[in-house]
Amino acid sequence: MTIGGKLSTDPSAEQCGWLKDSYGVSWQIWPEVMGEMLSKAEGEQKERLTKTFLQMKKFDIEKLEEAYQGNI
């Protein structure tokens, strides 16, 4: 079972690291590396990174790094 599977009680609410707990509170898990890449990214690099993570249900750090480096 994944971390999200233990923390989230509503699979339909899971997108881009968002979870909804048993009390109905929504919150987001944000990998530290994601914040680092977004703070350094500019222009097309930031657009690639954003486009990539918006398609994810759960963050795939390897794919995010590929988008950041322009390998996607």
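## Thr52 in helix H3

In this predicted model, Thr52 has a relative accessibility of 11% and counts as buried, because the cut-off for that class is under 20%. Thr52 has its place in helix H3, and, when its neighbours within four places in sequence are left aside, the residues in contact with Thr52 are Lys63, Leu64, Ala67 and Ile72.

## The two faces of helix H3

Helix H3 runs over residues 43-54, twelve residues in all, and spans 17 Å from its first C-alpha to its last, which is close to the 16 Å expected at 1.5 Å a residue. Thr52 is joined by Leu49 and Phe53 among the buried residues of H3. Leu49, Thr52 and Phe53 cover an arc of only 90 degrees around the axis, and therefore they lie on the same side of H3.

The face turned away from this buried side carries Glu44, Glu47 and Lys51, which are exposed. As for the buried residues of H3, what covers them includes helix H2 (32-40) and helix H4 (61-69).

## Phe53 and its partner Trp30

Phe53, on the buried side of H3, also takes part in an aromatic pair, and the model has three such pairs by the rule applied here. A pair of aromatic rings is described by the distance of the centres and the angle of the planes. For Trp30 and Phe53 the centres are 6.0 Å apart and the planes stand at 85 degrees, so that the pair is edge-to-face. Trp30 lies in the loop between strand S2 (26-28) and H2, whereas Phe53 belongs to helix H3, so the pair ties together parts that are 23 residues apart in sequence.

The two partners differ in their exposure class: Trp30, with a relative accessible area of 37%, is partly exposed, while Phe53, with a relative accessible area of 10%, is buried.

## Phe59 and the ring cluster

Trp30 forms a further edge-to-face pair with Phe59, for which the distance is 5.8 Å centre to centre and the angle between the planes is 85 degrees. This pair, too, links distant parts of the chain, since Trp30 sits in the loop between S2 and H2 and Phe59 in the loop between H3 and H4, 29 residues apart. Phe59 is buried, with a relative accessible area of 18%, a value that falls under the 20% cut-off.

Through these ring pairs, Trp30, Phe53 and Phe59 are linked into a cluster.

Definitions and conventions: Residues numbered from 1 in each chain as written. Predicted model: local features only at pLDDT ≥ 70, side-chain atom pairs only at ≥ 80, totals over all residues. Heavy atoms only, no water. Helix = DSSP H or I, 4+ residues; strand = E, 2+ residues; numbered from the N terminus. Expected span 1.5 Å × (residues − 1). Buried < 20%, exposed > 50% of the residue type's maximum accessible area, 1.4 Å probe, protein only. Arc of directions from axis to C-beta. Contact = heavy atoms within 4.5 Å. Phe/Tyr/Trp six-rings, centres within 6.5 Å; stacked < 30°, edge-to-face > 60°.
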